[in-house]
Each structure stands twice: as C-alpha cells, then as structure tokens.
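Open the model in your viewer and keep the sequence panel beside it. Each stop below says what to select and what is there.

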Amino acid sequence: MVSSASEEAGIGKSLEGVSKGQQMENGTPLTSPPYWDSDDDGGPKPVELYGKYTWKIDKFSQINKRELRSNVFEVGGYKWYILIYPQGCDVSSHLSLFLCVANHDNLLPGWSHLAQFTISVVNKDPKKSKYSDTLHHFWKKEHDWGWKKFMDLSKVVDGFLDSDTLIIKAQVQVIMERADRPFHCLDFQYRRELVRVYLTDVEKICHHFVAERRGKLGKFIGDKARWSSFCAFWLGIDQNSRRRMSREKSDRILKMVVKNFFIEKEVTSTLVMDSLYSGLKALVGQSNGQTGKGKHLDAVEQTVPIVSMENDMFVLVDDVLILLERAVLEPFPPKDEKGPQNHTNEDTSGEDTNRDSIQRDERLLTELGRQTIEIFVFAHIFSKIEVAYEEAVALKKLEELSTEEAV
C-alpha cells in the first residue's frame, strides 16, 4: 500500500510495500520449481517467510536529522523497519544502514529471530546499485543489525539520487532452523539472487570438506601394510557383524552435518544448507527408487550411490573395501564457470537460456549437497570400523606379548 508523502525533507514512503516471495524469474512465473521447494517437512515454507520492502526517501540532500526510520513492515510473521543515519553512525562521511526488529520491547522474554537479509541502495543504472547481505540472529541485545559504513556519502550523488530521492530496498528471509537435519532456508526467488553471488563460495566449502575427507581415506589406502592388515581384519569378520558395522542411525549423523556446516553470521550458510537439504532429498529419492522432477536432477540420478537410507538408517550400499576406493576416486561435479556475479541478473540472452542457467545451478547445488552428505556419512561409518580395527590390532599385539611371556 502506498502511503502519502510528507513535504518534510527526509520523510519516506513505501513504493511497493511488502511483497511476498513468488516463483518468478525476470517477471516470468516458474511453472516447475525445483523439487526441494515442494517440501513436506511441516511448518511454514521459506516462500511464506520471505518478503521485500521498498523505501523512497524524498529530499534526501535536505535531511538534517541524525537518524531516520522507515515505516514498519511485516515479513515472516515479524515486524521490521529500516534505520538509516544519513551522516553516519559513529563514523563520518558514510551512510549507515540497519535492519531492526520493530517491537522488540514488547516481545516475550527469550525471543529470537534468525534472518538473512539483503539491503540495497538503488542506482539509476541497476548494475551500479549497492548491495550488502548478512545473516543474523536477532534477540534482545542485538535487535538491530547492519552496516555503519554501508557506502561513502560522496558516492550517493553518483547516480543514486533521482530528483533528490533515495530508494532503499530490503529483502528479508526469516529462517526456521533445525538442529536435527539439514533444513530448507531460502525462498526460490531470493536463492536465485544469492546463487549468482555466492555459488562459487558454496562450491569451495563443499569441495574443501570432501577433499579433506577423501585425503584421509586415500592416505589409509596408500599405507600398503596397514591396508593389507585392514583387509584381513575385515574379511575375517562374520557377515552379520560386517552388516551391523556398515550402518548408522541417520538422525545421529544429520545432527553432526548441521553442526558442521551451519555457521551463524556466515552469509553462505543458508545456501550450503539448501544444497545439503536438496542433496539429502536426492539421496532419499535414490534409495526409494524415485526419479526426480525435471531436468535439474539428471546428474544426480545418473550417479551410483555409496550410501542409501533404509528407514532411519544410513547404510553402505556395498562392501566397505570396494566403497573405499570409489569414495576416494569419485569425481567432483563440474565447477560453475561463471564465477561470482553481482545481485543484478545481467543475462540478456533470452528466457530459454536463463531457464537453462537456473536448472544448471540447481542441479549443481543438489549434486554438491548429495556428494557432501555421502562422504560425510561414509567417513563417519568408516571411522567406527577403523576404531574396531585398531582395537583388534591392539588386542592381537597384547595376545602375542602374553604368549611370548608365557614362553
């Protein structure tokens, strides 16, 4: 709803009010959203917890107030407002900008809101608009969060003022976090924007983790004497014991996955979590013999899994001796060749190409998540087997010493 503008300098008005997330790309409805947006986990979905707000500040150059607040808007069931310091907050010559919880004094004790948000100051040339993203846990002592040095005031006149009007936009995604398993964080529209900026960072995080775990497994195999001893130990165990040692409760592992990868205040954590959420769903789908919905799952469906899910258990799909070598040698998914981009979608090559790009990125996120969870599960199960092996070796040495002493 558009509010009337005041004649007083610096009094703002909402241009668009609050708009909720929609499955759109360049104004075109996405008729087949990724299957991870069709979750059935219960509770509100990310699309219901996402919103945008636009604030138009007239006569910006005439503002003589220390601070200025936008109207209150609601996203994710919570009330917010934007706070700016036109001459800087504890800094000089900078525009300071914050997102604030509107009614924090009236909320119940112990309240907290986890939210990822992007705030932008709009330039006449969209490619030059200034964006900043962050992830923050709002609570009693941190009910506002943002940037003291959002941008240099000297740059505001460089295309950011249109007839002395400054336009500020906010995108807010409230996140319902879980500690027990990877959770879905981002509305599809907002994720598309963040993917353009941070996909390369997500790749690095997943690749680093997978490479580190593979390196440890490869080092184990590379020690010929130890590998030979381990093979003899494993083959000497009865079938039932091998089967029992080749599985683990899924809830125990998934808790560790969340703890390892969801880092508060790390802006890429939500994309990583969405990747793991999608990868887990793909892994469950493979285990149940389901095929995905849409071309973005083709690469996942063509992979041969290392682990599967049976009810509430992760289970190795083959003998650990065979899977060890596969886990070490499985190739990474192809890298994103575009590299980091800005928030503005500069793809002008047409709707079909844009849709192909969306599918390619979603497919890459899913495969990164699937492979990361698989190697996490496999490394965890193998570490338990390795402990049993080390205990058997120690016991054998103890028996040999006892025999020598007896002689």
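## Stop 1: a loop residue

Select S93. At 44% relative accessibility, S93 is partly exposed, because that class runs from 20% to 50%. This is a predicted model, so keep that in mind at every stop.

Now look at the backbone of S93. Its phi is near 60°, a positive value in a residue other than glycine. Most residues other than glycine have a negative phi. S93 sits in the loop between β7 (78-85) and β8 (94-101).

For another case, select S163. S163 is not a glycine, yet has a positive phi of about 55°. Find S163 in the loop between β12 (161-162) and β13. Buried or exposed? S163 is exposed, with a relative accessible area of 69%.

## Stop 2: strand β8

Go back to S93 and step on into β8, which spans residues 94-101. How many residues of β8 are buried? Eight of its eight residues are, and the strand is mostly covered.

Show the side chains. H94, S96, F98 and C100 point one way from β8. L95, L97, L99 and V101 point the other way. Both sets are buried. In a regular strand the side chains alternate between the two faces of the sheet.

Next, add the partners of β8:

- β7 runs antiparallel to β8, joined by six bridges. Select I82 to see it opposite L99 in β8.
- β11 (residues 144-152) also runs antiparallel to β8, again with six bridges. Select H94 and its bridge partner in β11, D152.

## Stop 3: strand β9

Move to β9, residues 112-121. Nine of its 10 residues are buried, so β9 is largely enclosed by the rest of the structure.

Which strands pair with β9? One of them is β10 (residues 130-139), antiparallel to β9 over 10 bridges. Select L114 and look across to H137, its bridge partner in β10.

Another is β13 (residues 165-174), antiparallel to β9 over seven bridges. Here, select F117 and its bridge partner in β13, V172.

Strands of a sheet pair through backbone hydrogen bonds, either parallel or antiparallel.

## Stop 4: helix α2

Select residues 188-222, which form helix α2. How far does α2 span between its end C-alpha atoms? The span is only 44 Å, where a straight helix of 35 residues would cover 51 Å at 1.5 Å a residue.

Centre on Y198. α2 bends by about 65° there.

Then go to the N-terminal end of α2. D187 caps it: a side-chain oxygen of D187 lies 3.0 Å from the backbone nitrogen of Q189.

## Stop 5: a three-stranded sheet

Select β14, β15 and β16. These strands form an open sheet in the order β14-β16-β15, with antiparallel pairing. Which strands stand at the edges? β14 (247-249) and β15 (307-310) do, each with a single partner strand, so one side of each is left without a neighbour in the sheet. On average, neighbouring strands of this sheet are turned by 25° against each other, direction ignored.

Zoom in on β15 and β16 (residues 313-316). The two are antiparallel over four bridges. M309 stands opposite F314 in β16.

Add helix α6, residues 269-287. α6 packs on the sheet and touches β15 and β16. Its direction makes about 75° with that of β15.

Then add α5. This helix lies across β14, β15 and β16, running at about 75° to β14.

## Stop 6: S250

Select S250, in helix α5 (residues 250-261). Buried or exposed? S250 is buried, with a relative accessible area of 7%. Leaving out residues up to four places away in sequence, it touches M309, D312, M313 and F314. Of these, M309 and F314 are the pair that stand opposite each other.

## Last stop: the whole chain

Zoom out. The chain has nine helices and 16 strands. Of its 407 residues, 49% count as buried.

Finally, consider contacts in the chain with a separation of 6 or more. Residues 24 or more positions apart account for 74% of them.

Definitions and conventions: Residues numbered from 1 in each chain as written. Predicted model: local features only at pLDDT ≥ 70, side-chain atom pairs only at ≥ 80, totals over all residues. Heavy atoms only, no water. Buried < 20%, exposed > 50% of the residue type's maximum accessible area, 1.4 Å probe, protein only. Contact = heavy atoms within 4.5 Å. Pairing = 2+ DSSP bridges. Axes fitted to C-alpha atoms, helices over the stretch in contact; angles between N-to-C directions. Expected span 1.5 Å × (residues − 1). Bend = angle between axes of the 7 residues up to and from the residue. Polar contact = N/O pair within 3.5 Å; in protein donor to acceptor, adjacent residues only side chain to side chain.
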